[in-house]
Amino acid sequence: MSPPEPSSLDFDAIVVGSGISGGWAAKELTEKGLRTLVLEAGPPIVPARDYVEHVQAYSLPYRGYGNLRKLRDQQPIQSLTGSCNEWSSKFFVNDRENPYHNDPDKPFAWIRGRHVGGRSIMWGRQVYRWSDLDFEANAKEGLGVDWPLRYADIAPWYSYVEKFIGVSGQAEGLAQLPDGEFLPPMQLNCAELQVQEAMARRWRRERLLTIGRCAVLTRPHQGRAACHYCGPCERGCITHSYFSSIGSTLPAAAATGRLTLRPNSVVAQVMYDERTDRATGVRAVDAATMQPLEFRSRLIFLCASALESARILLNSKTARFPTGLANSSGELGRNLMDHPFGAGANGTLPGMEDRKTFGNRPNGVYVPRFRNVTDKHPQFVRGYGFQGGAARRDWGRGATTPGFGAQFKNALLKSLGPWSLWLGGWGECLPRPDNFVALHPTLKDKWGVPALHIQCTWGPNELAILKDVQVTAAEILEAAGAKDIETFNDELPPGLCIHEMGTARMGRDPKTSVLNGWNQSHDVPNLFVTDGACMASSGNQNPSITYMALTARACDHAVEQLKRRDL
Amino acid sequence: MDRREFLEAIAGISALVPGLSLLPGSDQQAFAQGVHARAKAATNLRTLSPQQDGTVTCIAEILLPQTDTVGATAVGVNRFIDLLLTESMPEAYRHRFLEGLAAIDARSQFLYGAPFTSVRKEEQESLMRALDVHLPEPHPTPAEAAALAKEPITAAGGFALLKRLVVLAYFTSEPVAKELIKAPIIPGRYDGCVPA
């Protein structure tokens with residue numbers, strides 16, 4: 001092996017990862033004056049070349065059906081998620097190059113994007129604040145560890161982040177799902193309005209339906225154009241109308257003149273100096289040349305995703321930290337969570353056949369959590385929110401609708417199916433130390449970095465939630481007057497919700513948590529972890545906005561400490 | 001080469017097929033039959049045998065026939081299905097699909113004494129009506145789906161697989177998507193309630 005590339009560069013800060021969290025760290029640190037190096041494991045994305053949201057099925061070799069043989073060979077895990085398809089599979093990793101291990105009876109779906117922008121390119125864009133119902137739950141129930149912060153600590157940071165990224169939504173005044181800094185909401189369609197009214201009659205405000213809150217612009221914002229409603233955001237967006245780091249935070253960071261972005265840089269380890277008790281930089285491998293690299297800085301931000309950041313720290317063993325850097329608590333890699341989902345109900349709403357929608361709304365409806373808000377459910381703690389929507393089916397219904405011949409063809413060409421409605425639950429997952437990741441003893445990825453062994457199963461609380469989800473979804477459909485109501489549970493493995501989190505949790509006590517209330521390592525004060533790894537509980541809300549707010553808050557704290565020479 | 005020969009020759013170059021709808025109805029039928037005959041003897045199919053292709057083409061055209069708008073044959077549904085079978089489908093899928101076609105022909109043989117392509121139109125439609133009512137449940141549980149996949153495929157199961165692919169192949173073809181469906185690619189706005 002050749003010696004490491006001599007480090008002529010010296011940085012104030014290194015950010016590992018360029019996605020939702022890393023982009024925010026880059027923006028905040030550079031804007032606060034720090035010369036910042038962002039290391040991204042994968043290649044750059046060039047929107048003009050790589051974004052394919054307007055490419056029609058007939059222009060693809062397999063018209064959206066995909067090359068299943070190739071997908072199953074190269075991306076058998078990634079293609080479990082619907083957004084890894086013939087258009088967008090290039091935004092997901094090659095599973096052969098990026099192996100991990102789980103016991104066959106404990107499947108875990110690890111869905112990843114390795115390129116500049118990370119999963120902010122193909123994320124679900126749903127944005128929901130947490131409340132003290134979430135931040136206080138662990139303490140009240142004696143589960144996991146108490147969050148070292150409360151809603152009041154993060155609320156201004158939610159606002160700060162929302163104002164920059166642009167979030168459309170409807171204020172509802174709910175304590176359990178605080179309102180944000182909203183751009184105008186997208187419209188509910190006629191069928192969804194009918195469901196909303198029926199729910200209000202039956203449950204008043206206990207169960208209410210609102211338009212999804214999403215990081216998609218409904219008017220021009222921060223130099224980005226409003227959504228043009230083409231629909232398939234996961235294929236990219238040439239107008240940057242949904243939030244992605246490459247359309248928003250990274251350009252802001254670059255504008256400071258203090259950003260160095262290095263793609264194709266696979267970080268393997270954080271370097272640590274026992275004498276000063278500080279992280280000194282990172283070791284990486286150039287993904288293209290396999291050349292070993294070293295970079296030094298005063299401050300390190302890990303934003304590589306919950307599992308990647310845990311992997312890097314587990315792979316950074318020292319004499320003082322024989323089980324992984326910053327792991328004096330023994331909690332590094334533990335308490336892995338993901339949201340249980342894939343259960344709910346669907347049905348048909350009669351009537352309104354003279355109405356349809358125009359445009360492809362990249363957003364659905366939301367029913368905020370109503371379980372264990374004011375009452376106490378006998379079977380489970382915490383709760384879930386519903387996502388879903390109503391639509392009239394197009395020609396696709398022909399595949400499963402009886403009929404053939406001229407009339408059948410004309411109906412598919414010229415008319416739409418009845419309004420169908422579906423609701424699916426996104427549930428909270430409890431932190432359990434036996435859901436964990438560890439370095440695999442022999443398995444390595446293409447770049448020689450030890451792969452993870454992942455063990456994660458749903459516990460009784462998650463399974464009870466998925467049961468209740470089906471019952472209450474059906475109740476809502478029934479109240480709305482739906483026919484042919486059918487409940488479903490796709491029995492999806494953990495990981496597939498792509499909300500993995502918890503592997504370097506925040507907490508008040510260094511003996512039981514990895515990070516303090518500022519996302520700062522209890523053990524190594526110039527090391528911060530601000531991606532999903534930091535989460536002490538999972539809530540049931542889509543988590544990205546919380547990672548963004550925590551990242552901005554952590555950057556503010558880190559720079560203050562640097563100025564005071566505390567680091 | 002007259003106009004019809006020309007059109008037949010370019011069948012499969014889907015971008016040019018919309019021109020077909022300019023033909024008078026009788027010409028269109030003749031055209032469809034001509035393509036049908038050619039498809040039967042097609043040598044450029046890589047997976048479907050002439051007999052399998054005949055069954056696919058025949059059922060596809062009955063499902064989505066040529067009318068004042070293009071039908072399944074004219075947009076090359078059989079060619080696209082052959083492409084998926086050859087390049088995309090995992091071996092188990094492909095095997096199941098072809099077994100399904102064989103089951104349909106076996107059913108036709110049992111009922112009418114000849115494979116699907118060789119029986120009368122009324123018999124074909126009668127068999128399709130019988131098979132059509134067994135479309136798969138929209139939401140089988142994972143366990144049900146797994147159990148179903150292990151059973152030998154029935155004629156109804158084979159028909160359901162074929163129908164799914166025929167619908168996909170037809171409606172995603174360029175002439176149909178571009179000239180008939182005409183969904184705006186950049187709508188520019190969302191309206192949740194407009195006249196249908």
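# Strands, helices and a shared edge

Guide: In this predicted model, buried residues make up 38% of the 196 residues in chain B.

Visitor: What makes a residue count as buried?

Guide: A residue is buried if 20 or more other C-beta atoms lie within 10 Å of its own, and 38% of the residues in chain B meet that condition. The secondary structure of chain B comes to 9 helices and 1 strand, and from the N terminus on the elements run α-α-α-α-α-α-α-α-α-β.

Visitor: Why is helix H5 of chain B called oblique to helix H8 of chain B?

Guide: The axes of H5(B), residues 91-112, and H8(B), residues 155-171, cross at roughly 125° and come within 7 Å. Angles of 65 to 115 degrees count as roughly perpendicular and those over 145 as roughly antiparallel, and the crossing of roughly 125° falls in neither range, so H5(B) is oblique to H8(B). The crossing of these two helices is also left-handed.

Visitor: Which residues of H5(B) and H8(B) meet?

Guide: From H5(B) they include B:Phe97, B:Leu101, B:Ile104 and B:Arg107, and from H8(B) they include B:Ala155, B:Phe159 and B:Leu162. By class, the residues of this contact divide into 9 nonpolar, 3 polar and 2 charged.

Visitor: Turning to chain A, how do you know which strands are the edge strands of the open sheet?

Guide: The sheet has 6 strands in the order E5-E12-E13-E14-E10-E17, with antiparallel pairing. Strand E5 (210-211) and strand E17 (483-489) of chain A each pair on one side only, and these are the edge strands. Helix H7 of chain A, residues 190-203, packs on this sheet and touches E10, E12, E13 and E14 of chain A, while its direction makes about 135° with that of E13(A).

Visitor: How do you know that E10(A) pairs with E17(A)?

Guide: Two strands pair if at least two bridges are found between them, and E10(A), residues 343-349, is joined to E17(A) over 5 bridges in the antiparallel sense. Within this pairing, A:Ala345 has A:Thr487 as its bridge partner, and A:Gly344 has A:Phe488.

Visitor: How many bridges join E10(A) to E14(A)?

Guide: There are 7 bridges between E10(A) and E14(A), and the two strands run antiparallel. One of the facing pairs is A:Thr348, which stands opposite A:Ser420 in E14(A).

Visitor: Why is E10(A) described as largely enclosed by the rest of the structure?

Guide: Of the 7 residues of E10(A), 6 are buried, and therefore the strand is largely enclosed by the rest of the structure.

Visitor: Where do chains A and B meet, and which elements of chain A give two or more residues to that side?

Guide: The contact takes 45 residues from chain A and 42 residues from chain B. The elements of chain A that give two or more residues are helix H3 (68-74), strand E11 (355-358), helix H10 (406-414) and E17, and the largest share, 4 residues, comes from E11(A). This side of chain A has 19 nonpolar, 14 polar and 12 charged residues.

Visitor: What makes E11(A) and strand E1 of chain B a pair?

Guide: Pairing calls for at least two bridges, and E11(A) is joined to E1(B), residues 191-195, over 3 bridges in the antiparallel sense, which satisfies that condition. In this pairing across the chains, A:Arg355 stands opposite B:Pro195 in E1(B).

Terms used:
Residues are numbered from 1 along each chain as its sequence is written. Chains are lettered from A and ligands numbered from 1 in the order in which they are written. This is a predicted model: local features need pLDDT of at least 70, side-chain atom pairs count only at pLDDT 80 or more; totals for chains, interfaces and linings use all residues. Two residues are in contact if their C-beta atoms, placed from the backbone, lie within 7 Å. Axes are lines fitted to C-alpha atoms, for helices over the stretch in contact, and angles run from 0 to 180 degrees between N-to-C directions. A residue is buried if 20 or more other C-beta atoms lie within 10 Å of its own, exposed if 12 or fewer, and partly exposed in between; C-beta atoms are placed from the backbone. Ala, Val, Leu, Ile, Met, Phe, Trp, Tyr, Cys and Pro count as nonpolar, Asp, Glu, Lys and Arg as charged, and the others, Gly among them, as polar. Angles under 35 degrees count as roughly parallel, over 145 as roughly antiparallel, 65 to 115 as roughly perpendicular and the rest as oblique. A crossing is left-handed if the near helix is turned anticlockwise from the far one by less than a right angle, and right-handed if clockwise.
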